[in-house]
Amino acid sequence: MHISDKSKKAFFKMKSFLLATLLCMTSSGAFAAASGVYNVRDYGAKGDGSWLDTPAINAAIEAAARDGGGQVLLPAGTYLCGSIRLKSNIDLHLAAGAKLLAANPKSVKNADGSPVYDESESFEGFPEYQDGGHTYFHNSLIWAEGQSNISITGHGMIDGEGLTKKDTENAGNVQGGSIGTGDKAIALKLCRQVTIRDITIYRGGHFAIIMTGCDISTIDNVTIDTNRDGFDIDCCKYMTITNCKINTPSDDALVLKSSYALKKPVVTEHIAISNCNITGFKCGTLLDGTYVPEPVGWVCGRFKLGTESNGGYRNISLTNCTFMYSSGMAFEEVDQGKMENVVVSNITMSHVHHYPIYITTGCRNRGPKEVTQPSTARDIQISNVIADDCDSLCSIIVTGMKGAPIRNVWLSNIRLYFKGGGNRDLVNKDYREQGTNYPEPKFAGWTPAYGLYARHVDGLYVNDVTFRYERPDYRPPVVLDDVRNASIRLLDASTEQGVDKVVSFRSENISLGE
């Protein structure tokens with residue numbers, strides 16, 4: 001086939017045009033728009049650990065947002081940063097070998113001399129019924145508010161070296177906080193369709209991850225090794241948390257809350273948690289593989305509902321999780337909300353500090369004073385639990401309030417091994433009512449029973465439970481005080497001579513099996 005000279009010229013002209021267009025796209029960032037990947041190095045990031053890369057990363061996010069979304073890529077390198085503002089339809093991707101390093105606000109400033117962390121929000125006329133960490137979000141390393149379809153992914157690391165773990169979250173707006181302080185690694189508020197996957201967070205500040213008012217979210221395969229809280233899930237719904245490793249020796253590992261931060265009570269509900277490891281090793285030793293237990297004393301690292309509980313909790317599932325050198329599981333409703341439909345199963349715990357299982361209601365009532373309804377809890381089922389080396393201080397605790405009992409608690413197929421050492425007089429101890437107190441068993445001291453202490457409960461069903469101790473313990477295994485409609489079957493518990501297995505005070509309708 002003969003091709004005319006005119007056609008050849010047209011072909012080469014078109015080829016030259018396409019090459020020029022491609023070069024133009026590459027140099028101008030249009031190529032990023034076409035590919036959907038926005039490399040932060042194309043926007044001026046150096047990734048050398050000393051140059052402040054916040055402006056470049058935020059510029060890449062803004063460019064992607066203008067184009068309708070995409071992946072903002074941090075390739076291998078160390079990116080020194082202040083506040084990063086995540087936008088809708090953006091995947092902030094930390095590639096393997098990438099580290100997002102939180103800047104120290106005392107030594108690093110923006111080019112114009114301003115603080116590297118954004119100023120926290122102003123809530124004029126709005127009282128803080130919760131800690132500042134639950135109220136303020138913008139003064140964080142990564143934050144988003146009112147965004148949708150956002151994700152933080154990749155096998156890179158967030159290192160919060162420059163974040164504070166102190167309670168100065170308001171960054172100077174009120175109550176004398178420090179201007180420019182960054183306090184949380186990831187803070188998301190009123191966002192929808194959130195995914196956090198595969199990343200590692202080391203030294204996450206006050207909260208490594210806080211999500212408030214976020215719906216339809218997935219957190220998967222996240223590793224956290226930090227010196228305060230790991231996950232704080234507040235006023236959220238429709239969320240799954242799976243396959244995570246959380247090391248928090250100094251505070252809560254995975255905590256669900258329902259605070260008043262959204263200026264109204266909001267239920268935290270439809271949360272499914274599975275296949276997670278919770279530990280209380282010395283900070284950093286989970287990541288470096290040395291797994292050093294913290295010295296004897298305050299060690300936390302627990303799973304908890306509360307303490308902020310204005311909205312309450314509904315339809316919560318925790319299953320297939322392990323605990324090591326940590327406190328156990330706490331279910332606390334003390335701020336006039338409702339806690340109901342909680343299911344826990346297939347849990348193993350070793351070296352348990354303070355208590356293995358704690359269920360309580362109270363009337364701290366940290367919220368508007370015109371709200372007068374009592375806190376309530378009902379329909380809580382815990383099964384298939386094994387725990388060893390449990391602290392002698394506290395047994396399983398189930399305590400409601402006088403006139404407002406906890407209703408319908410099932411405890412089945414549970415094996416607990418305690419250190420023992422309680423004396424005989426403790427059975428008559430006037431154990432502290434929860435009331436307005438902070439709901440922490442260590443402040444109430446030893447429980448009257450070494451295995452299970454229940455008070456102000458209507459409907460307690462215990463089946464196939466084993467209690468053992470290492471040292472002689474002269475407390476009874478079970479004490480029931482103001483408990484109605486209780487059934488205890490297949491209780492296998494060690495006792496010293498002359499000690500009853502079950503002691504009942506002012507209780508009624510109790511059925512005791514073998």
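Start by selecting strand β23, residues 303-309: seven of its seven residues are buried, so the strand is largely enclosed by the rest of the structure. Buried here means under 20% relative accessible area, while exposed means over 50% and partly exposed lies in between (1.4 Å probe, protein chains only). Strands (E, at least two residues) and helices (H or I, at least four) are DSSP runs, numbered from the N terminus.

Before you go on, note that this is a predicted model, in which local features need pLDDT of at least 70 and side-chain atom pairs count only at pLDDT 80 or more, while totals for chains, interfaces and linings use all residues. Residues are numbered from 1 along each chain as its sequence is written, and side-chain values use heavy atoms, with hydrogens and water left out.

**The neighbours of β23**

Which strand pairs with β23 over four bridges? Select residues 254-258 and you will have strand β20, which pairs with β23 in the parallel sense. Two strands count as paired if DSSP finds at least two bridges between them. Click on Leu256 and then on Leu305 in β23, its bridge partner.

Now add residues 312-333, strand β24, which runs parallel to β23 and is joined to it by three bridges. Here Leu305 stands opposite Phe331.

**Rings that meet**

A search of the whole structure finds 11 aromatic pairs. Rings of Phe, Tyr and Trp (its six-membered ring) pair if their centres lie within 6.5 Å; planes under 30 degrees apart count as stacked, over 60 as edge-to-face and the rest as tilted. Show the side chains of Phe303 and Phe331: they form an edge-to-face pair, 6.1 Å centre to centre with 65° between the planes. Phe303 lies in β23 and Phe331 in β24, so this pair ties together parts that are 28 residues apart in sequence. Phe303 is buried at 1% relative accessibility, and Phe331 is buried at 1% too.

For another edge-to-face pair, jump to Phe418 and Tyr450, at 5.9 Å centre to centre and 85° between the planes. Phe418 is in strand β28 (residues 406-420) and Tyr450 is in the loop between β28 and β29 (452-471), so the pair links parts 32 residues apart in sequence. Are these rings buried or exposed? Phe418 counts as buried at 2% relative accessibility, and Tyr450 counts as buried at 1%. Add Phe467 and Tyr469 to your selection, and you have one aromatic cluster of Phe418, Tyr450, Phe467 and Tyr469.

**Thr268**

Next, select Thr268, which sits in strand β21 (residues 268-274). Thr268 counts as buried, at 0% relative accessibility. Leaving aside neighbours within four places in sequence, its contacts (heavy atoms within 4.5 Å) include Ile233, Cys235, Leu256 and Tyr313. Zoom in on Cys235: the side chain of Thr268 reaches its backbone nitrogen at 2.9 Å. You can also draw a C-alpha to C-alpha line from Thr268 to Leu305, which spans 9.6 Å for residues 37 apart in sequence.

**A helix to finish**

Last, select residues 54-66, helix α3, whose 13 residues reach 18 Å from first C-alpha to last. That is close to the 18 Å expected at 1.5 Å a residue, where the expected span is 1.5 Å times one less than the number of residues. Its buried residues include Thr54, Ile57, Asn58 and Ile61. Just after α3, look for Gly68, with a positive phi of about 100°.

Conventions: A polar contact is a pair of N or O atoms within 3.5 Å; within protein, one must be able to donate a hydrogen and the other to accept it, and residues adjacent in sequence count only if both atoms are side-chain atoms.
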